[in-house]
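Biologist: Can you take me through this chain? Please keep to plain terms.
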Amino acid sequence: MSYYFAIVGTKDNPLFEHEFGTSKQGGDGVARFREEARHMNQFIVHSSLDIVEEVQWGNGQMYLKVIDRFHNNYISCFLTGGNIKFLLLHAPSIPIPTTATNTSRSSTSVAANPTAPATEEAIRQFMVDVYEVWVKTLMNPFYMPNMEIRSSVFRGRVAAAGKKYL
């Protein structure tokens with residue numbers, strides 16, 4: 001499965017972006033987005049912001065699970081207390097059949113089924129780890145709110161969380 005992770009600020013501005021692949025089940029950690037669709041990742045994630053704004057007030061949770069789907073891409077969201085949005089676009093390696101006849105034997109593999117409970121839990125744990133790193137970044141006196149994150153340490157910790165859970 002390929003992942004595109006973005007942190008979006010309170011003014012709907014991108015604060016951080018990172019693209020990676022699965023490290024589970026023999027994955028090498030490299031994103032496998034098709035080259036002609038790779039430039040669409042940012043657009044797909046930002047187009048789901050309207051849905052996030054609708055869902056966030058009706059749900060008291062920080063982790064909103066899968067909020068949107070675009071073709072074979074799923075978008076999961078985590079909200080911070082300061083209305084910063086962590087958005088994760090995940091594209092399964094194997095297309096998921098949408099017919100009811102094929103759902104009798106659904107796979108529990110993280111890479112095979114993006115809406116399975118095991119996948120949802122792995123994404124939630126990834127988001128919680130990134131949230132902890134995010135809070136540490138906010139406590140830095142040199143960081144200003146809604147400023148783009150350029151720290152290689154932050155990027156490394158996001159990549160490590162992705163490798164650990166996804």
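Modeller: What follows covers the chain as a whole and then some residues of one helix.
Modeller: This is a predicted model, where local features need pLDDT of at least 70, side-chain atom pairs count only at pLDDT 80 or more, and totals for chains, interfaces and linings use all residues. Residues are numbered from 1 along each chain as its sequence is written, and side-chain values use heavy atoms, with hydrogens and water left out.

Biologist: How many helices and strands does the chain have?
Modeller: The chain has 5 helices and 5 strands. Both are DSSP runs numbered from the N terminus: helices are H or I with at least four residues, strands are E with at least two. From the N terminus, the order is β-β-α-α-α-β-β-β-α-α.

Biologist: Where is confidence lowest, and where is it highest?
Modeller: Confidence here is pLDDT, the predictor's own score for each residue, from 0 to 100. Helix α1 (residues 35-38) is lowest, at a mean of 68, and α4 is highest, at 94. The mean for the chain is 83, and 78% of its residues reach 70 or more.

Biologist: What about residues 99-108?
Modeller: There pLDDT stays under 50, and the model has 6 contacts beyond four places in sequence for residues 99-108. A contact means heavy atoms within 4.5 Å.

Biologist: Back to α4. Why does methionine 127 count as buried?
Modeller: Methionine 127 counts as buried because its relative accessibility is 0%. Buried means under 20% relative accessible area, exposed over 50%, and partly exposed in between, using a 1.4 Å probe and protein chains only. Methionine 127 is in helix α4, and beyond four places in sequence it touches residues including Phe5, Tyr63 and Phe86.

Biologist: And why does threonine 137 count as buried?
Modeller: Threonine 137 counts as buried because its relative accessibility is 17%. Threonine 137 is also in helix α4, and it touches Tyr143 and Phe154, leaving out residues up to four places away in sequence.

Biologist: Which side chain of opposite charge is nearest to glutamate 120?
Modeller: That is lysine 65, 5.2 Å away; glutamate 120 is buried and has no salt bridge. A salt bridge needs a side-chain nitrogen of Lys or Arg within 4 Å of a carboxyl oxygen of Asp or Glu. For charge, Lys and Arg count as positive and Asp and Glu as negative, while His and the chain ends are not counted.

Biologist: Which side chain joins glutamate 120 in a polar contact?
Modeller: The side chain of tyrosine 63 does, at 3.2 Å. A polar contact is a pair of N or O atoms within 3.5 Å; within protein, one must be able to donate a hydrogen and the other to accept it, and residues adjacent in sequence count only if both atoms are side-chain atoms.
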